[in-house]
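Work through the exercises below with the sequence and the 3D model open. Try each task before reading its solution.

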Amino acid sequence: MNSCIKLLYLLIVLLASQASWSYDIQTDTNAFPTFAEKTPLTPKEALYQEYNTDLYESSQDFSDHAYWHKITFPRAYPFSKQTFYLELDYYVIEELDFYVFHDTQLVEHLSRGALQDWNKLSAVYDGILIPITLSPFNETHLLIRKAGESPLLTPMHLLNSTEAEFSRQHKLIFWTAIISCLVILLAHNALLFTMLRQAGFIYYLGLNALVFIALSIITGFSRWLFNETVSQWLVANIFLIFGVGAWLLFRFSVHFLREVQVPSPSSFIARHGDWVFILFFLSIAFFQVKTVAILFAGIEVFLFISCTYWGIKAFLRGFIAVRFYLFSWFFLILGSLINTLLFWKLIPINDFTEAIFPAFSIIQLLGFSFALADKAKQSERNRQLQLLTDQSTGLPNRSFYFDELPNQLQSRIKNQNPMALVIIDIINHHALSQAFGPAKADAVMCELMQDIHLHLQSIEGLKAFHLPNKTHTKLIRMTAKNLAFISTTPDLLESQIQQAQKVLEHPTLLNKIQFRHQYKMGSALFPSQANNLDKLYQNALIAHNSVTFSSGNWAPFTNELKSDHAQQLTIITLLREDIRNGKLHYHVQPQVCLRTNKIIGGEVLLRWHNEQLGPVSPAEFVPLAEQAGLIYPLTEMLFEKVFAWASQHQAIIKTTSLSLNISALDLLQANFAQKVNASINTHQLIPEQFTIEITETSMFHNNDIVNNNVEELYAAGFKLSIDDFGIGYSSMLNLVALKTNELKIDQFFVMGLFTQKSNQYLCQNMIRLCQQLNITSVAEGIEDQQTLQTLKDWNCEIGQGYYLYKPMTPDDYLRLLENSICE
């Protein structure tokens, strides 16, 4: 009994001593015996050195020589073996060796340094978890030797078998979760990059890859992912990796925020900021790690101040997507700073601080993902804004009026609340183009429209239109020279129009000359004069066309005007008479192959010179012909004239083609294609020599008559072209529905190629679209050499315009062809 009591007492004492010692080791701030190695020692020599706890603090810092730690365990319970595990949280000590002695006999040597080959490869899955089996007969000594240029931090935990297994599983779960989250987020962002194709995105992907590698080094799972050679190289070049990551963050920030000119492209930091990182990379080759660490800390401060300032500045400029950018940036830099504080031993390493950088990295990845998604939404809003606004003035355009405005006026239309539409037509736009050139004319028009816009903003009772970018305006640019606004207080309409006229009548300084614009205004009321916006616009146009200037510049629509608007009725009457007598004629504008500079054909342009009215523009009589049902005989007459002329001169024009314009309404005739085929067969012409141009319209959608006509024309051999692509009822579906051979880029985009950056993007994309769909691209409105050369550089196939050839009579066109053949 006494011997049992003694054994029990001995066991209690042993466990108590072990528990007390375990508590001391687990407390990272407690010092344990340390020895500074001045000259190389063998493990056995180190065993007999004098160890001093006073040296422990200096052993945790940067050092030029190695340090040893010695931990002595009491012997285990007799005739049994007890195993404990020593766990380290810090993975970037370059040389780290563990020697286990039973008394003076070396029984185990494990290498776990970042630049060493681990002598038990399976241990990489456990991290630095050192088994210590106590001798039942002698004291057990553990010697730890560590050396390297980085801090020699050794926070340690002493664990029993159960705790070690729990820690092993905990790290396995932790590392697996971290890797899985990072891989999923990286894959998501890579997919987002393939969708958005934004230049700055590549920097972001590189940054995330570098964060992933840095995490693998810091948390120790780099040996999961890479072989020992690669893992050791990463540790040896850790500040190179950190530096590249910081540079990628800098470049990503510059690209992410450049939409709002933050930082300013002309600023010193935008032009020379890369040199900060170049100098840092050079310092890695010449300075010690401690100095490089100080420099990198300076870069972190530089990035923190710069990027935070840029983000706030961008947000104040209305760049909403920067919200998540700032959120992500805060967590990324905070995690990086905490990691730096750990590196410099300013805060202790424990389970909590060790997990901060990985956790914050995942948060920043999520945040940046939201930021990029937010930016994608903003890009979509910008795309919608481009579709719904005039790029020259930023005002809503024709598409906005017909597609978006009905939604904004839905409740007013439903409740039949009164309102008035006012159309303003600047009628001297064409004269300005001829006198000063299109660019100058467009600039003057834009300036006038902006003045009108600013003035209307202060007028009460006008409808404010909401744009996708959250701005409001009270003016719509319907065409190059037509404006519109809506009054929600028709009883005040006359006063509102008078205020708008003050701006229109204010002189503009043009080439040092006081120039006054000529304009016409027309208005129509809802719901008394029209029950939808389309009809309202039509009636306002009728009213503005009735202006004769004898009674002012404004004419309101009336029921009398609708049934008896004299000028339009006169035009329609005279047009019907001249069509019957075949008095309309045509000119031909040559089309040039931009690759060879040779004439490959011409566009037939309808002309009308009436004995009573004089010359009448197609822009004026063609819409009236469509409204009055005269477009069908007008098209039939034009085709008959052109086919008869072509039949007489087949020898000259046989190597070229002719383009004829038709109205979209023509395709709604059930027998249109049959008539065209019959006419061309009568004149014994080849359909492949002719292109039929159609102004794009939404009426093509799901219309069997249109589809049948298209099929018959296409089967006969005619080429089909979409005219004025991009300015009407735009529909990509028409490219398929019309079996398009050719796409004509409207002169509105071509003539503004160098005044509006957006026109360049649109033209270039339309040309690229033609190339991808294997259809011919034709650019209208070429009026200078610079535009011509640019279109050639973009591989546009065909061009026409005043710079190449003006429209000419058929006889002049034939002479031009004969001369070109002779040359």
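The exercises go from the whole chain to single residues.

The model is predicted, and local features need pLDDT of at least 70, side-chain atom pairs count only at pLDDT 80 or more, while totals for chains, interfaces and linings use all residues. Residues are numbered from 1 along each chain as its sequence is written, and side-chain values use heavy atoms, with hydrogens and water left out.

**Exercise 1. The whole chain**

Task: State how many helices and strands the protein chain has, and what share of its residues is buried.

Solution. Begin with the secondary structure: the protein chain holds 30 helices and 26 strands. Both are DSSP runs numbered from the N terminus (helices: H or I, at least four residues; strands: E, at least two). Next take burial, where buried means under 20% relative accessible area, exposed over 50%, and partly exposed in between, with a 1.4 Å probe and protein chains only. Of the 823 residues in the protein chain, 50% are buried. Then turn to the accessible surface, computed by the Shrake-Rupley method with a 1.4 Å probe. This surface comes to about 38,700 Å², and carbon and sulfur atoms hold 57% of it. Last come the contacts (heavy atoms within 4.5 Å). Among contacts with a separation of 6 or more, 70% join residues 24 or more positions apart.

**Exercise 2. Two aromatic pairs**

Task: Classify the ring pair Trp68 and Tyr99, then the pair Phe639 and Phe643.

Solution. Rings of Phe, Tyr and Trp (its six-membered ring) pair if their centres lie within 6.5 Å; planes under 30 degrees apart are stacked, over 60 edge-to-face, and the rest tilted. The count by this rule is 25 aromatic pairs. Trp68 and Tyr99 have ring centres 5.7 Å apart and planes at 25°, so the pair is stacked. Trp68 belongs to strand 2 (residues 66-73) and Tyr99 to strand 4 (residues 95-102), so the pair links parts of the chain 31 residues apart. Trp68 and Tyr99 are both buried.

For Phe639 and Phe643, the centres are 5.6 Å apart and the planes make 75°, which gives an edge-to-face pair. The two residues are four apart in helix 22 (residues 631-648), and therefore about one helical turn separates them. An α-helix has 3.6 residues a turn, so residues three or four places apart point the same way. Phe639 is buried at a relative accessible area of 4%, and Phe643 is buried at 0%.

**Exercise 3. A long helix checked against its expected span**

Task: Compare the span of helix 7 with the expected value.

Solution. The expected span is 1.5 Å times one less than the number of residues. Helix 7 (residues 238-257) has 20 residues, and 28 Å is expected. From first to last C-alpha helix 7 reaches 29 Å, close to that value. As for cover, 17 of the 20 residues of helix 7 are buried.

**Exercise 4. Two helices side by side**

Task: Decide how helix 24 and helix 25 are oriented to each other.

Solution. Axes are lines fitted to C-alpha atoms, for helices over the stretch in contact, and angles run from 0 to 180 degrees between N-to-C directions. Helix 24 (residues 672-682) and helix 25 (residues 704-716) pack at about 20°, with axes 8 Å apart. Angles under 35 degrees count as roughly parallel, over 145 as roughly antiparallel, 65 to 115 as roughly perpendicular and the rest as oblique. Helix 24 is therefore roughly parallel to helix 25. The contact residues include Phe672 and Val676 of helix 24, and Asn709 and Leu713 of helix 25.

**Exercise 5. Backbone details in loops**

Task: Find where Pro263, Pro527, Gln416 and Asn774 lie, and describe the backbone there.

Solution. Start with the prolines. The bond from Val262 to Pro263 is cis, with omega near -10°, and Pro263 is in the loop between helix 7 and helix 8 (268-272). The bond from Phe526 to Pro527 is also cis, with omega near 5°; Pro527 lies between strand 16 (519-526) and helix 18 (533-545).

Now take the positive phi values. Gln416, which is not a glycine, has phi near 55°. Gln416 sits in the loop between helix 14 (410-414) and strand 9 (419-426) and is partly exposed at 41%. Asn774 has a positive phi of about 60°. Asn774 is in the loop between helix 28 (757-773) and strand 25 (776-779), and is exposed at 73% relative accessibility.
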